[in-house]
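Open the model in a viewer and keep the selection panel at hand. The tour below goes stop by stop, and each stop begins with something to select.

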Amino acid sequence: LKSNPSNNEEKEAQTQLTKSDELQRLHSQALSAYKQEDYGAAISLLDEILAVCVWDAELRELRAECYIKEGEPSKAISDLKAAAKLKNDNTEAFYKISKIYYQLGDHELSLSEVRECLKLDQDHKQCFSLYKQVKKLNKQIESAEEFIREGRYEDAISKYESVMKTEPEVPVYSTRAKERICHCLSKNQQATEAIKLCSEVLQLEPTNVNALKDRAEAYLLEDMYEE
């Protein structure tokens, strides 16, 4: 204003000041909602602020935390990816993205994100520990799928049993492993075992197309045509 004290400039400055006060108020409310675990309200408030402060990495990280708590992992990933670009050496964002992908069962994307973290800091304890876990799991799954392509179903079954031992905590990996073991049993003419295992998968995921197809194949082997 001092450099250019015209009426227009003054109006613009006053408007911007009023807007910045309003945004600070919204920010306080968002933090307070977050602390009170009202994540839906915090997200609405952060939406308003981020419409203006598009490049604020901290706010995006806070909104990502809220999305995680609200069970919306893909929206959290989108905010964290933006935060990783906006803030230099943001190892924390890469770690969180990798962790979310891992929980969702996407081990390949999880591996590539955790590698980004280690490129920035090869001594990052959390990222290194996650990297070892995901790499081991990834290798076992790749190896099992290779056995399936070669028709080595016994080897594939044993490899998928190792997958369940490597990651007993995240249910999606056990379910996937059982689905693939059922496929191997069905291909290997072990119909009774295949039906049992596919039924387990279908109790958890009634619309799992692969399990339905493999169980159908197993029923055919047993001449159970109605089923």
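A disulfide here is a pair of cysteine sulfur atoms within 2.5 Å. The model is predicted, and that cut-off decides what is found at the opening stops.

**Stop 1: the cysteines without a partner**

Select C53 and C66 and show their sulfur atoms. The cysteine sulfur closest to that of C53 belongs to C66, and it is 16 Å away, which is too far for a bond. C66 is likewise in no disulfide, its nearest cysteine sulfur being the one in C53. How exposed are the two residues? C53 is partly exposed, at 27% relative accessible area, whereas C66 is buried, with 0% relative accessibility.

**Stop 2: the disulfides**

Over the whole structure, 2 disulfides are found. Select C117 and C127, whose sulfur atoms are 2.1 Å apart in a disulfide. This pair links distant parts of the chain: C117 sits in helix 6 (residues 107-120) and C127 in helix 7, 10 residues apart. Measure the torsion about the S-S bond of C117 and C127: it is about 95°, so this disulfide is right-handed. Both C117 and C127 are buried.

Next select C182 and C198, the cysteines of a disulfide with an S to S distance of 1.8 Å. C182 belongs to helix 9 (residues 171-187) and C198 to helix 10 (residues 191-204), so this pair ties together parts that are 16 residues apart in sequence. The torsion about the S-S bond of C182 and C198 is -90°, and the link is left-handed. C182 and C198 are both buried. With the bonded cysteines numbered in sequence order, the pairing reads 1-2, 3-4.

**Stop 3: helix 1**

Select residues 7-35, which make up helix 1. Its 29 residues reach 42 Å from the first C-alpha to the last, close to the 42 Å expected at 1.5 Å a residue. Which residues of helix 1 are buried? They are L23, L26, A30 and A33. Add residues 39-52 to the view: this is helix 2, and it is part of what covers those buried residues of helix 1. Just after helix 1, pick E37, where phi is positive at about 65°.

**Stop 4: the nonpolar core**

Select L46 and Y160. Of the 62 residues in the largest nonpolar core, these two touch the most other members. Then colour residues 125-149, which form helix 7: with 9 residues, helix 7 provides the largest share of this core.

Go back to L46 and display what surrounds it. Setting aside neighbours within four places in sequence, L46 is in contact with A30, L59, L62, R63 and C66. Two of these have been met already: A30 is one of the buried residues of helix 1, and C66 is a cysteine in no disulfide. R63 leads to the next stop.

**Stop 5: the salt bridges around R63**

The structure has 17 salt bridges in the count. Select R63 and D47, which form one with the closest N and O atoms 2.7 Å apart. R63 is in helix 3 (residues 57-69) and D47 in helix 2, so the pair ties together parts that are 16 residues apart in sequence. R63 counts as buried at 12% relative accessibility, while D47 is partly exposed at 34%.

Now add D79, whose side chain meets that of R63 in a salt bridge with an N to O distance of 2.6 Å. D79 lies in helix 4 and R63 in helix 3, so this pair also ties together parts that are 16 residues apart in sequence. Both D79 and R63 are buried. Add R60 to complete the selection: D47, R60, R63 and D79 are joined into one network by salt bridges that share partners.

**Stop 6: E61 and K87**

Select E61 and K87, whose side chains meet in a salt bridge, 3.3 Å from N to O. E61 is in helix 3, and K87 is in the loop between helix 4 (73-86) and helix 5 (91-104), 26 residues apart. Is each partner buried or exposed? E61 counts as buried at 16% relative accessibility, and K87 is partly exposed at 27%.

**Stop 7: the annotated repeat**

Finish by selecting residues 91-124, which an unreviewed UniProt entry annotates as "repeat: TPR". In the model this stretch is 82% helix and 0% strand, and its end C-alpha atoms are 8 Å apart.

Note on methods. Residues numbered from 1 in each chain as written. Predicted model: local features only at pLDDT ≥ 70, side-chain atom pairs only at ≥ 80, totals over all residues. Heavy atoms only, no water. Core = buried A, V, L, I, M, F, W, Y, C linked by side-chain atoms within 4.5 Å. Buried < 20%, exposed > 50% of the residue type's maximum accessible area, 1.4 Å probe, protein only. Helix = DSSP H or I, 4+ residues; strand = E, 2+ residues; numbered from the N terminus. Contact = heavy atoms within 4.5 Å. Expected span 1.5 Å × (residues − 1). UniProt positions renumbered as here; feature names shortened; annotations may be inferred. Salt bridge = Lys/Arg side-chain N within 4 Å of Asp/Glu carboxyl O.
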